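Notebook open, coffee ready. Today I'm looking up a couple of backbone oddities and then the empty space.

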Amino acid sequence: MEERRGIRITLLLVQAFVALTSIAGGIALIMGAVDAEFTSVLNPPGEELADSPFGSYVLPGVVLAVVLGGLHVLAFAMLSRRMPRALFWSAAAGFATLIWIFVQMIFIPFSVLQAVYFVLGLVELGFVMLVLGLLRRRV
């Protein structure tokens, strides 16, 4: 029982981190696309969108903040309140992270952040499986 509590707390921490950084990153992408004066390390060069369906980083920023960040906020809120379907939304948030990275890697050259968030998505899914008892920890 104590082990599941620790896994749940770690999952909550990962969800909170991804939620906050996704929302902040989405806002930074939108701000960088709307205001040429706004510069940030988070703003990739506009040339990276040349072969993509996007003319600017506004739509990717909105998707990052609202969809990825919003899913993680929802999963965090439900899991912290032990609501029904919390693990479903936690898994959905983890899959959304993986999908975001896969799509991003089609258009943007590899970066360390992509690897970090890919691992975080896998961690989320692994913790969901541990809480559900689908995986067993080996000691």
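I started with Arg85, which is exposed, with a relative accessible area of 64%. (My cut-offs: buried is under 20% relative accessible area, exposed is over 50%, partly exposed is in between, with a 1.4 Å probe and protein chains only.) Arg85 sits in the loop between H2 and H3. Its phi is positive, about 70°, although Arg85 is not a glycine.

I noted that this is a predicted model, where local features need pLDDT of at least 70, side-chain atom pairs count only at pLDDT 80 or more, and totals for chains, interfaces and linings use all residues. Residues are numbered from 1 along each chain as its sequence is written, and side-chain values use heavy atoms, with hydrogens and water left out.

Background reminder: most residues other than glycine have a negative phi.

Next I checked Arg82, also placed in the loop between H2 and H3. Arg82 isn't a glycine either, yet has a positive phi of about 55°. Is Arg82 buried or exposed? Arg82 counts as exposed, at 60% relative accessibility.

For helix names I used DSSP runs: helices (H or I) have at least four residues, strands (E) at least two, numbered from the N terminus.

Then, which residues did I find closest to the centre of the largest pocket? They are Leu29, Leu64, Trp100, Gln104 and Ile108, out of 29 lining residues. (A pocket is an open set of points on a 1 Å grid over the protein atoms alone, where a 1.4 Å probe fits, with protein on both sides within 12 Å along at least five of seven lines; lining residues have an atom within 4 Å of a point.) H3 gives the most to the lining, six residues.
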